[in-house]
Amino acid sequence: MTTTLYTSDHEWLAIDGDTATVGITDYAQQQLGDVVFVELPKVGRSLKKAEAAAVVESVKAASDVYAPISGEVIEANETLAAEPALVNSDAQGKAWFFKIKIADKSELGGLMDEAAYTAHTA
Amino acid sequence: MPLPDDQNSLRQTPLHALHVSLGGKMVPFAGYDMPVQYPTGVLKEHLHTRAAAGLFDVSHMGQLALRPKSGRIEDAARALERLVPQDIVSIAPGRQRYAQFTNADGGILDDLMVANFGDHLFLVVNAACKDADEAHLRAHLADDCVIDSLADRALIALQGPKAEAALAKLCAEAPSMTFMDAGPHEVAGIKCFVSRSGYTGEDGFEISVPAAEAERLTRMLIENPDVLPIGLGARDSLRLEAGLCLYGHDIDTATTPVEAALEWSVQKSRRSGGMRAGGFPGAGKILAHFDNGASRRRVGLLALGRAPVREGALLFADQAGGEPIGKVTSGGFGPSLNAPVAMGYVPTNLSALGTKLFAEVRGQRLAVQVAAMPFVKNTYKR
């Protein structure tokens, strides 16, 4: 069973065992507007928590997507790179950015659950 | 001009309440609280303007009248020629021309539109420069002209292939106007100044309307299902695709009209050998640039990949090593091209169409190519 957690920078992580699937929240895509470009991390790259891992660009501006936790990138969503507008239509579903092998589960402690994230964006 | 950081100190246009009621996302711009987009979104607003018609509130821009004290319009035109490198004298009544205020170094203080309204000149200048422009006019032209700031007027732009039909319902003369015609016309019975011009590369109109009537007129125009309100976000991507300069970004006090590739806007009469050659601030440098060329030039840039190349990106001649050879001054995603578009300054010897260059984005050098502007063919009604 998966648990979804959130960062204050509007990334979401779906935790399944020692794998986390990472994307940006629906709130974030609404703020960004029409997404036209996504740059994803290479598979095999080792990410440190809070490091810039991916880039999402709307018509208006470029924004970094940070690694919410440390770990190795095990998959990147190539469908998203080809079809960036998926971020607007399904931010918390098909528009996941990358999957990461969690290096240190204790880092999950600092993340928000859905109720806390909803309050954060209210 | 420094932007006030307190939202409450922002000025509002006469259409502010309408923007809010239409769901406009309001942001500070040049001291005004302006809609960057509506719920439609920047991408669709952009595409709608090119497919049908968009309505833009540009009331933050400055509108001025120059009235000759002698009563002779040529005297106002000759006076204004002391501040711009354009031929103002030859603007026929009912016509408009693009111009720049230059400084003693040949740089550009602002760009503007100048229309001949028969007994006076009508000027439209940039919002962020309008106070400085007015002071500049008063400092140099007060002996010859009465300078009226038309602060009680709003300015709306109606742009796109369906703009003519939309305006024709309210202004019977609109269809007979051609590109850069400008003059007083009644629109829905309201005394307006209408020009057939704009900032999108599309056919369209700009309508100066008394502030008190602005919302009523705008509501009548957007009642038409072909006309959507469009925010500043799409205004920027539309003008970028059209290859049009944004003051403070693509042109400023450090760029001459020749470096900015605006030679077309300087008529022969003001160039070396012309009937009224020179006589404007910075003429020595600007005419030398005309005669001998400038060392750098504003060019269009198309990225070969999908990543947008934005303002400030450094340009290089080679994929690795070397010093920057130039800089991107405007850039983003062009919705109509469905590709990244940019413009910037490069050395003249690297400005030929097709020249391959590299733009540094997030530490990587992305391939770009010097490309003709406009990126999207303009549809002006000549």
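Modeller: Two residues are in contact if their C-beta atoms, placed from the backbone, lie within 7 Å. This is a predicted model, in which local features need pLDDT of at least 70 and side-chain atom pairs count only at pLDDT 80 or more, while totals for chains, interfaces and linings use all residues. Residues are numbered from 1 along each chain as its sequence is written, and chains are lettered from A, and ligands numbered from 1, in the order in which they are written.

Colleague: How many residues does each chain give to the contact between chain A and chain B?

Modeller: Chain B gives 14 residues and chain A gives ten. On the side of chain B that touches chain A, helix H2 (42-51), helix H7 (232-241) and strand E16 (326-334) each give two or more residues. Helices (H or I, at least four residues) and strands (E, at least two) are DSSP runs, numbered from the N terminus.

Colleague: What makes strand E3 (residues 53-57) of chain B largely enclosed?

Modeller: A residue is buried if 20 or more other C-beta atoms lie within 10 Å of its own (exposed if 12 or fewer, partly exposed in between). Five of the five residues of E3(B) are buried, so the rest of the structure largely encloses this strand. Ala53(B), Leu55(B) and Asp57(B) cover one side, and Gly54(B) and Phe56(B) the other.

Colleague: Why is E3(B) said to pair with strand E13 (residues 227-229) of chain B?

Modeller: Two strands pair if DSSP finds at least two bridges between them. Three bridges join E3(B) to E13(B), so the condition is met; these two strands run parallel. Ala53(B) stands opposite Val227(B). With strand E9 (residues 153-159) of chain B, E3(B) has four bridges in the antiparallel sense, and Asp57(B) faces Ile156(B) there.

Colleague: Which strands of chain B close into a barrel?

Modeller: The order is E14-E17-E16-E15-E18-E19 in chain B, with antiparallel pairing. Seven bridges link E14(B) (residues 296-303) to E17(B) (residues 339-347), and Val299(B) stands opposite Gly344(B).

Colleague: How do you know that the radius of gyration of chain A agrees with that of a compact globule?

Modeller: The radius is taken over C-alpha atoms, and the globule rule is 2.2 Å times the number of residues to the power 0.38. For 122 residues a compact globule would have a value near 14 Å; chain A has 13 Å, which agrees. The C-alpha trace of chain A spans about 35 × 35 × 25 Å along its principal axes, and 40% of its 122 residues count as buried. Chain A has four helices and nine strands.
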